[in-house]
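Thanks for coming. I will go through one protein model today, element by element, and I will keep it plain.

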Amino acid sequence: MPELPEVETIVRGLRNHLVGFTINFVDLQRKDLRFPIPKTLNKSISGKKIINIHRRGKYIAISNEANQTIILHLGMSGRIKIRKINSKKDKHDHIIIKLNNNNEIVFNDPRRFGMIDLINNNNFANHKWISSLGPEPLESAFTQSYVADYLSSKKSSIKSVLLNQKFVAGLGNIYVCESLFLAGIAPTRVANTINDNNIKNLIFSIRKVLKKAIKLGGCSIRDYVQASGEMGYFQQKLNVYGKSGKKCYTCNCSSSIKKITQNGRSTFFCSKKQR
Ligand SMILES: [Zn+2]
């Protein structure tokens, strides 16, 4: 599932291809993804110029000159492609946005957990998908005191708290595992036992892991129209995620990476480094 760095990479990559251009036509290949696709999407946004694109958590927000914002979530398997207009369609190309620059932006999603909505700009912060999101981890609202206050009442594992988008927006399984590794905190630790020093390390580690991944994603952005056209998936340099049984090189502990299941999802960690 794409997490904050992948979505940020897509947003940065799309910016040059979208902002300043006008949508000519929205070709819907089906009526629903996870939820119904707004029926009036094509009628509402065709003929209007895109003026901004930004990210909030794992959501992509594309705004036009008519004060409308398209909110898009990639779900489990959603991908964005840019290609020449009227290219041959691939399986699972559900939404094809044709632009006035001879390109089309395609939303492809085999598992259809993706979500799209169209709203007035003024309603963005209050939209049901957006209003409950916690602070952005790379922004100033994600402070030591905010984290300490939040964790102090939580008796679940630190991992499950970090995955909760109401606490902090944009983290998923991969970057939570990597951040906890870097911070030296066991994923099973009860959240309210995390002390101030742990919290400081955790905030630092989350930011370091995300920034490194975004930088890597940025390096992977080339000319998508020329290349495969698919955006936002890049080779990540991970220390623990997906590496169960492998030697833990990074912390020099001569141990191997462990894998456990928490709330039905895999967790990868080093039991020597992470306490
Ligand atoms: Zn280790």
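**Helix 5, the two domains and the sheets**

I start with helix 5, residues 173-183, which is mostly covered: 10 of its 11 residues are buried. The buried ones are I174, Y175, V176, C177, E178, S179, L180, F181, L182 and A183. Right after helix 5 comes G184, with a positive phi near 70 degrees.

Before going on, a reminder that this is a predicted model.

Now the overall picture. The protein has six helices and 11 strands. Along the principal axes, its C-alpha atoms fill a box of roughly 55 × 35 × 30 Å. Does the radius of gyration agree or disagree with that of a compact globule? It agrees, because a compact globule of 275 residues would come out near 19 Å, and the protein has 20 Å. As for burial, 36% of the 275 residues count as buried. Taking contacts between residues at least 6 apart in sequence, 66% of them join residues at least 24 apart.

Next, the domains. The division is into domain 1, residues 4-123, and domain 2, residues 144-269. Their centres, taken over C-alpha atoms, are separated by 28 Å. Across the boundary, 19 residues of domain 1 are in contact with 19 residues of domain 2. On the domain 1 side, helix 1 (4-18) and strand 5 (79-84) each supply at least two residues. Which element gives the most to that side? Helix 1 does, with nine residues. By class, the side of domain 1 that touches domain 2 has six nonpolar, four polar and nine charged residues.

On to the sheets. One is an open sheet of five strands in the order 1-6-7-5-9, with antiparallel pairing. Its edge strands are strand 1 (23-28) and strand 9 (230-231), each of which pairs on one side only.

I will walk through this sheet from strand 1. Strand 1 pairs with strand 6 in the antiparallel sense, over five bridges. Within that pairing, V26 has I97 in strand 6 as its bridge partner. Strand 6, residues 93-99, is mostly covered, with five of its seven residues buried. Strand 6 also pairs with strand 7, again antiparallel and over five bridges. There, D93 stands opposite N108 in strand 7. The hairpin of strand 6 and strand 7 has three residues between the strands, and N102 in this hairpin takes a positive phi near 70 degrees.

At the other edge, strand 5 and strand 9 run antiparallel and are joined by two bridges. K81 has E230 in strand 9 as its bridge partner. Helix 1 lies across strand 5, strand 7 (103-108) and strand 9, and runs at about 25 degrees to strand 5.

There is also an open sheet of four strands, ordered 2-3-4-8, with antiparallel pairing. Strand 2 (50-56) and strand 8 (115-120) are the edge strands here, each pairing on one side only. From one strand to the next, the twist averages 20 degrees. Helix 1 turns up again: it packs on this sheet, touching strand 2 and strand 3, and its direction makes about 175 degrees with that of strand 2. Inside the sheet, strand 3 and strand 4 run antiparallel and are joined by five bridges. I60 stands opposite L72 in strand 4.

Last, some backbone angles. Most residues other than glycine have a negative phi. Which way does N67 go, positive or negative? Its phi is positive, near 65 degrees. N67 sits in the loop between strand 3 (59-64) and strand 4 (68-73). N67 has 12 C-beta neighbours inside 10 Å, so it counts as exposed; the cut-off for exposed is 12 or fewer.

S254 is not a glycine either, and its phi is positive at about 55 degrees. S254 lies in the loop between strand 9 and strand 10 (258-262). Is S254 buried or exposed? Exposed, because it has 9 C-beta neighbours inside 10 Å.

To recap the part helix 1 plays in this talk: helix 1 gives nine residues to the side of domain 1 that touches domain 2, lies across strand 5, strand 7 and strand 9, and touches strand 2 and strand 3. That is the end of my tour.

Definitions and conventions
Residues numbered from 1 in each chain as written. Predicted model: local features only at pLDDT ≥ 70, side-chain atom pairs only at ≥ 80, totals over all residues. Rg over C-alpha atoms; globule rule 2.2 N^0.38 Å. Buried ≥ 20, exposed ≤ 12 C-beta atoms within 10 Å, placed from the backbone. Contact = placed C-beta atoms within 7 Å. Domains from an automatic or database assignment. Nonpolar A, V, L, I, M, F, W, Y, C, P; charged D, E, K, R; others polar. Pairing = 2+ DSSP bridges. Axes fitted to C-alpha atoms, helices over the stretch in contact; angles between N-to-C directions.
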